[in-house]
Amino acid sequence: VPAPFWDGCVSLLHSSAERPPIYLNGQTFHQAQPLYFLTALAVKVPIALLLAIAAGATVAIKERRALILLFPPILYIALASLSGHQLGIRLILPALPFGALLVAQLARRHTKAAAVLIALATAESLARFPHGIAFFNLAAGGPDNGLHYLADSNLDWGQDLPALKAWAKANNIEEFRLSYFGGDVPWRHFWDQKVRPIVPPYTDAHAKGVTIFEPAPEIHAISASLLHGAYFPPPYKDFYKRFREMQPTAKAGYSIFIYDLRNRPAPTPPAPSAAPPTPAP
């Protein structure tokens with residue numbers, strides 16, 4: 001076994017001790033989900049490529065040829081499925097080149113069929129260019145439906161601030177609220193006097209006692225990976241509940257959901273509780 005591949009397998013075993021929250025099919029889990037990476041493959045890989053890999057594996061098994069190509073990806077995906085570090089399909093990308101080699105087994109026997117499947121997979125991928133991070137295949141409903149299945153680096157890795165800037169410029173929007181997930185810096189794209197941040201409630205200090213954020217009648221831009229609340233302490237998992245109850249007005253790329261609430265009535269503050277009656281002397 002090549003040393004880098006072996007090191008990768010060992011790192012997967014070590015990462016099984018980590019327990020970051022796992023978002024899968026609209027639910028949050030705090031332990032490894034055996035079907036996480038199989039689901040990711042089913043919705044994140046072009047359909048035609050999945051078919052080509054399956055057909056190539058069938059040829060290899062039937063002819064008992066190049067069976068060694070099946071071992072590394074199965075081992076790697078199995079170990080990853082036992083790991084608690086399940087944040088994105090990127091963690092099992094080392095398995096996919098072996099899928100390409102299995103497609104070569106199909107091409108050896110059925111050249112035209114392999115060529116058609118490869119062409120269809122390429123077309124499905126290019127149809128979403130340049131939004132490769134947010135790619136979801138047609139069976140999953142495309143990237144617009146991605147948040148129903150997965151989040152984090154499968155959909156939203158903070159890549160769409162330039163798209164948000166372009167949307168704001170095209171629509172003459174100068175002021176809005178922004179709640180951002182990712183490693184980019186919003187102030188590289190926007191003036192801080194015009195864009196006011198909504199700080200995600202990662203801790204009590206960030207939340208400042210607010211468990212559900214009540215949006216004012218203005219424009220809000222919320223990163224998709226924040227909406228489900230999987231990365232917040234339990235008291236704040238519904239911090240963005242009001243936005244989950246709405247359909248976004250627009251999207252920047254596929255990872256920042258935009259809500260134009262300017263015509264929406266301002267939220268009514270809760271009524272003060274009645275004072276207890278004063279006892280008679």
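In this predicted model, helix H7 is followed by Asn172, whose phi is positive, near 55°. Helix H7 itself spans residues 161–170, and its buried residues pack against strands of the structure, including E3 and E5. The points below treat this helix, an open sheet of 5 strands, and two buried residues, Glu124 and His228.

**Helix H7**

- The buried residues of H7 are Leu161, Leu164, Trp167 and Ala168.
- These residues lie on the same side of H7, because they cover an arc of only 115° around the axis.
- Lys169 and Ala170, on the other side of H7, are exposed.
- The strands against which the buried residues of H7 pack are E3, E5 (219–223), E6 and E7 (256–260).

**The open sheet**

- The 5 strands of the sheet follow the order E4-E3-E5-E7-E6, and their pairing is mixed.
- Strand E4 (195–197) and strand E6 (250–252) each have a single partner strand and stand at the edges, so one side of each is left without a neighbour in the sheet.
- From one strand to the next, the twist averages 25°.
- Strand E3 covers residues 176–179; E3 and E4 run parallel and are joined by 3 bridges.
- Within this pair of strands, Leu178 stands opposite Pro197 in E4.

**Glu124 in helix H6**

- Glu124 belongs to helix H6, which comprises residues 111–126.
- Glu124 counts as buried because its relative accessibility is 11%, and the cut-off for a buried residue is under 20%.
- When neighbours within four places in sequence are left aside, Glu124 is in contact with Pro46, Ile47, Ala48, Phe135, Asn137 and Leu138.
- Between Glu124 and Leu261 there is a separation of 137 residues in sequence and of 35 Å in space, C-alpha to C-alpha.

**His228 in a loop**

- His228 is placed in the loop between helix H9 (224–227) and helix H10 (241–244).
- With 11% relative accessibility, His228 also counts as buried.
- The side chain of His228 reaches the backbone nitrogen of Ala230 at 3.0 Å.
- Apart from its neighbours within four places in sequence, His228 is in contact with Tyr23, Leu147, Ala151, Lys237 and Arg244.

Note on methods. Residues numbered from 1 in each chain as written. Predicted model: local features only at pLDDT ≥ 70, side-chain atom pairs only at ≥ 80, totals over all residues. Heavy atoms only, no water. Pairing = 2+ DSSP bridges. Helix = DSSP H or I, 4+ residues; strand = E, 2+ residues; numbered from the N terminus. Axes fitted to C-alpha atoms, helices over the stretch in contact; angles between N-to-C directions. Buried < 20%, exposed > 50% of the residue type's maximum accessible area, 1.4 Å probe, protein only. Arc of directions from axis to C-beta. Contact = heavy atoms within 4.5 Å. Polar contact = N/O pair within 3.5 Å; in protein donor to acceptor, adjacent residues only side chain to side chain.
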